Amino acid sequence: MADHFGDEVYPGALLLDETGRRIGSTATVFPLIVGGGRAADALRSITVSQHLFGLERVVVVHHSFCGATSFTAEGITAAWKDEQHSDISSLYDWDGIAITDFEKSLNYDVSLIRKSPGTPEHVEIYGLFYDIDSGELTEIVRDVPAEVAR
């Protein structure tokens, strides 16, 4: 990720105070990994990260061979009802559960993050696809506010 954008630092170096205690890092990339990689699970962390670190960029990365491509929203809802005897059909936005098309899911997730009141207006948001076999990272979606794009 740091290489893709060119102006990010990861993993960075630890910063120590005069007594040798860890007080920070030079890293500018803070990975957040969520099951199924869907943005709805990251919204709170985006808000907290903005408060603590002053976010400038949010990047959603979906990858090939993702487990979220192995089921559908309908299928997991039906299975949950059968296995757990509980109806979760209204618990989640169905478009944010499974991944049936990487471009569609990245567009959806970037839009969800942009519309969230917990995402600052100035933040750049990207949707990238990582091909596990080739190691290639491809930008699929770019949502950069006009004043930042200048």
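Let us start at Cys66, which touches Gly36 and Ile99 once residues up to four places away in sequence are set aside. This is a predicted model, and Cys66 makes a convenient way into it. The residue sits in the loop between S3 and helix H3, the latter covering 73-84. Is Cys66 buried or exposed? With a relative accessible area of 8%, Cys66 is buried, because the cut-off for that label is under 20%. Its contact Ile99 is 33 residues away in sequence, yet the two C-alpha atoms are 8.3 Å apart in space.

From this loop we can step back into strand S3 and look at the sheet. Three strands form an open sheet in the order S3-S4-S5, and their pairing is mixed. Strand S3 (57-63) and strand S5 (136-143) are the edge strands; each has a single partner, so one side of each is left without a neighbour in the sheet. From one strand to the next, the twist averages 25°.

Next, follow the pairing of S4 with S5. Strand S4 spans residues 124-131 and pairs with S5 in the antiparallel sense, over seven bridges. You can trace this register at Tyr126, whose bridge partner in S5 is Arg142, and at Gly127, which stands opposite Val141 in S5. The hairpin of S4 and S5 has four residues between the strands, and in this hairpin Gly135 takes a positive phi near 80°.

What lies across the sheet strands? Helix H4, made of residues 102-115, lies across S3, S4 and S5, and runs at about 155° to S4. A good residue from which to view this part of the model is Phe129, placed in strand S4. Phe129 is buried, at a relative accessible area of 17%. Beyond its neighbours within four places in sequence, Phe129 is in contact with His62, His63, Ser64, Phe102, Leu106, Glu136, Leu137, Thr138 and Ile140. Val60 is 69 residues from Phe129 along the chain, and their C-alpha atoms are separated by 8.4 Å.

As you follow the strands, one general point is handy: in a regular strand, side chains alternate between the two faces of the sheet. Turning to the surface, we find a nonpolar patch of about 440 Å², made by Met1, Val61, Phe65, Tyr130 and Ile132. Of these, Val61 lies in strand S3. Its relative accessible area is 32%, so Val61 counts as partly exposed.

Now for the charged side chains. How many salt bridges are there? The count comes to six. One of them joins the side chains of Arg57 and Glu8, at 2.6 Å from N to O. Arg57 lies in strand S3, while Glu8 is in the loop between helix H1 (2-5) and strand S1 (14-16), so this pair ties together parts that are 49 residues apart in sequence. Arg57 counts as buried, at 17% relative accessibility. The pair also belongs to a network of salt bridges in which Glu8, Arg57 and Glu124 are linked.

Another salt bridge is formed by the side chains of Asp109 and Arg38, with N and O 2.9 Å apart. Here Asp109 belongs to helix H4, and Arg38 to the loop between strand S2 (22-25) and helix H2 (43-53), so the pair ties together parts 71 residues apart in sequence. Are these two residues buried or exposed? Asp109 is buried, with a relative accessible area of 0%, and Arg38 counts as buried too, at 2% relative accessibility.

Finally, Glu139 forms a salt bridge with Arg142, where the closest N and O atoms are 2.7 Å apart. Glu139 is partly exposed, with a relative accessible area of 27%. Arg142, which we met earlier as the bridge partner of Tyr126, counts as exposed at 56% relative accessibility, because the cut-off for that label is over 50%.

Conventions:
Residues are numbered from 1 along each chain as its sequence is written. This is a predicted model: local features need pLDDT of at least 70, side-chain atom pairs count only at pLDDT 80 or more; totals for chains, interfaces and linings use all residues. Side-chain values use heavy atoms; hydrogens and water are left out. Two strands pair if DSSP finds at least two bridges between them. Helices (H or I, at least four residues) and strands (E, at least two) are DSSP runs, numbered from the N terminus. Axes are lines fitted to C-alpha atoms, for helices over the stretch in contact, and angles run from 0 to 180 degrees between N-to-C directions. Contact means heavy atoms within 4.5 Å. Patches are made of residues with over 30% relative accessible area and no salt bridge: like charges are joined within 9 Å, nonpolar side chains (Val, Leu, Ile, Met, Phe, Trp, Tyr) within 5 Å. Accessible areas come from the Shrake-Rupley method with a 1.4 Å probe; for residues, only the protein chains shown count as cover. A salt bridge is a side-chain nitrogen of Lys or Arg within 4 Å of a carboxyl oxygen of Asp or Glu. Buried means under 20% relative accessible area, exposed over 50%, partly exposed in between (1.4 Å probe, protein chains only).
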